[in-house]
Amino acid sequence: MKIVTHILFLMTFLTSGCFIVNAERNNITAQQLRSIIVENPDSVLSILDMLESEGSESLQPYEINLLKGIAYNEKRMFSLVERYAKETLQSDSIDSHLKEKLNALTLLSTAQTFFGNFQGSINTSLKGIEIARETGNLPGELNILSTMAKTAFAMGDRKQGYGYLDQAISTGESSDDIRVLANVSSAYGIKVVELYADDRFEEGLKEGYKRLGIIDRIDRLGGAPEGFTDQQRAYSYARIASCAQRLNKLDEAKKAYNSFIATDFAKHPMGKAYIIDYLLDSNQWNKVVEFTSPLFPILAQGDTINDDFRSLLISNARAYAGLGEFRKAYGLSDRAALIKDSLQLRENTAQARELATVFALNEKELELANAKAALQQRHLLMIASFGIALLVAIIAWLLFRAYRLSRKQQKISTQRIDELLSMNRISPENLESDSDSLRKFISMQQSLLNSDLFSNPTFNRENIMECSGLTRSMVINLIEKYTGLTPSDYINKLRVEHSVVLIQEHPDWTIDAIAEACGYKRRATYYSHFSKIFGITPAQYRKEKGKDKSVPI
């Protein structure tokens, strides 16, 4: 799927006249990447990684870092936003590019506010507002106002927060500059969210429709990045649905929900997160679980000690409670409580509030790019003659790169399997002073390994009890304590680890024979368990070990 994304992304350059053949990647510009960064942040990040590793003549290091910060901001991975914003600001040449410096400062301020570093956010915003006023950058000023509004709300100063937002809206809503209107739309979005949080649903509903009007104006003016207004509409419909549901305007809420689902943004896992409040308010528990499940591995890529991950846990807990699965709900609530304890403020909020009131600061500048029609027309004829050949070359390069990455991953996974099997089954950190229970577990496990009983397809928890002489509860508790697994998963782990030994000792056996010898009736089940535990298939492992050159699989 990632290869297809890259191909479609590069085809965009081919058809828009933005990719020059004789220079290839060296002619990709920051402006071109920004024009699609809202809709395709992952594609932009892949291109930036390629440019950074292979060198780029068209993009400076500070531009690459800034674009990465913007892309991760779209993905709401704020630990990485902070990292790349700081790297941008540390560049020796950034002082000569004030627009880019302002953008980096606003990104950094947003990340600092997200992590509760209000004093740091204010100090960063002070530097940003000086640049915005020096350069007459109205969109920049409006953005900083929105950032300071979010900081004020985070500190509990609701009145000041609404004041900053109203100032940004009234200053920019009559403009015909789409960059200004984009910031107005953002301010409306923040306001609707906060009105909903304050149970001011009627006002939130009205402000949501006003925001849709601003988005329609941006569409009429044209020039916004691809996917920008679709995303903004999705945000608006999600909040309208929530407010209408709370006001018992069920038909209006349902209509807004359907409009949200119809957007392209709602087709992505991160997009679906914005409709969760409505689903919770309307008791659609199964939908909540369906929409939130893909978000856990995504958010786990960054720092999970934040309000986004905590909100995800709370939403899931509410859904499972609604479904009657109270044990799951309790576990998720407990995790959310632990995160809350880790989010205590580290700054003097009274001092931060005082500084926030003195300075009118705003959020990050949205760099909106116009696709230059004249430039497209000049390059289309030139690109048409060699576009297909270039596309074939790109596809071949991507396939080769994907193959190399796959081979590298298989080698790493093979080494990891051998390392894991060479270690003790019990990690040192799991050893406790409770030596009696540990001895029981070791004795139980050794009995299983010596007898090879787990290779019986019908072997189960009761058989472990018979083999070890332990009670049902002791078997469950010991396995969970020292492996973190259920008895069923523990048996599968023993079988799969045993299969690795058989692969090494019997290179002439087929995979089916190995699976059967380990207690698997179906090859597919064996493959599934092996891949789940080790990340590669048995055939891939054997191939990496160099023992399947002439053996059928």
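Is K68 buried or exposed? K68 is buried, with a relative accessible area of 3%. This residue is a useful way into the model, which is a predicted one.

The protein chain is helical throughout its regular structure, with 29 helices and zero strands. Of its 553 residues, 47% are buried. Contacts across the sequence were also counted. Among those between residues at least 6 apart in sequence, 68% join residues at least 24 apart.

Helix 5 serves as an example of how one element fits in. It covers residues 78-89, which makes 12 residues. From its first C-alpha to its last it reaches 16 Å. That is close to the 16 Å expected at 1.5 Å a residue. Seven names make up the buried set of this helix: F78, L80, V81, E82, Y84, A85 and T88. What do the buried residues of helix 5 pack against? Their partners are helix 4 (61-74) and helix 6 (98-114).

Charged side chains come next. The structure holds 27 salt bridges. One of them brings back K68, whose side chain meets that of E52 at 2.6 Å, N to O. E52 lies in helix 3 (residues 41-54) and K68 in helix 4, so the bridge ties together parts that are 16 residues apart in sequence. The two partners can be set side by side. E52 has 45% relative accessibility and counts as partly exposed. K68, at 3%, is buried. The cut-off explains the label: K68 counts as buried because its relative accessible area of 3% is under 20%.

A second salt bridge joins R233 and D216, with 2.8 Å from N to O. This pair links distant parts of the chain. R233 belongs to helix 12 (residues 228-246) and D216 to helix 11 (residues 201-221), and the two are 17 residues apart. R233 has 18% relative accessibility, so it counts as buried. D216 has 31%, so it counts as partly exposed.

A third salt bridge lies within one helix. K493 and E497 bring their closest N and O atoms to 2.7 Å. Why are K493 and E497 separated by about one helical turn? The reason is that they are four residues apart in helix 26 (residues 487-505). K493 is partly exposed, at 23% relative accessibility. E497 is buried, at 9%.

Salt bridges can also join into a network. D166, K191, E207 and K210 are linked in this way.

Uncharged polar side chains make contacts too. S125 lies in helix 7 (residues 118-135). At 3% relative accessibility, S125 counts as buried. Which side chain does the side chain of S125 contact? The partner is the side chain of S109, in a polar contact of 2.8 Å.

Aromatic rings form another group of contacts. A pair of aromatic rings is described by the distance of the centres and the angle of the planes. The count comes to 17 aromatic pairs. Y235 and F265 form one that is edge-to-face. Their centres are 5.3 Å apart, with 85° between the planes. Y235 lies in helix 12, whereas F265 lies in the loop between helix 13 (250-261) and helix 14 (269-272), so the pair ties together parts that are 30 residues apart in sequence. Both Y235 and F265 are buried.

Y520 and Y526 give a tilted pair. Their ring centres are 5.3 Å apart and their planes meet at 45°. The angle settles the name: the pair counts as tilted because 45° is neither under 30 degrees nor over 60. Y520 and Y526 are both buried. Which residues form one aromatic cluster with Y520 and Y526? The other members are Y527, F530, F534 and Y541.

Charged ends also sit over rings. The charged end of R239 sits over the ring of Y196, 5.1 Å from the ring centre. The charged end of K272 takes up such a place over the ring of F291, 5.6 Å from the centre.

Notes: Residues numbered from 1 in each chain as written. Predicted model: local features only at pLDDT ≥ 70, side-chain atom pairs only at ≥ 80, totals over all residues. Heavy atoms only, no water. Expected span 1.5 Å × (residues − 1). Buried < 20%, exposed > 50% of the residue type's maximum accessible area, 1.4 Å probe, protein only. Contact = heavy atoms within 4.5 Å. Salt bridge = Lys/Arg side-chain N within 4 Å of Asp/Glu carboxyl O. Polar contact = N/O pair within 3.5 Å; in protein donor to acceptor, adjacent residues only side chain to side chain. Phe/Tyr/Trp six-rings, centres within 6.5 Å; stacked < 30°, edge-to-face > 60°. Lys NZ or Arg CZ within 6 Å of the ring centre and 35° of its normal.
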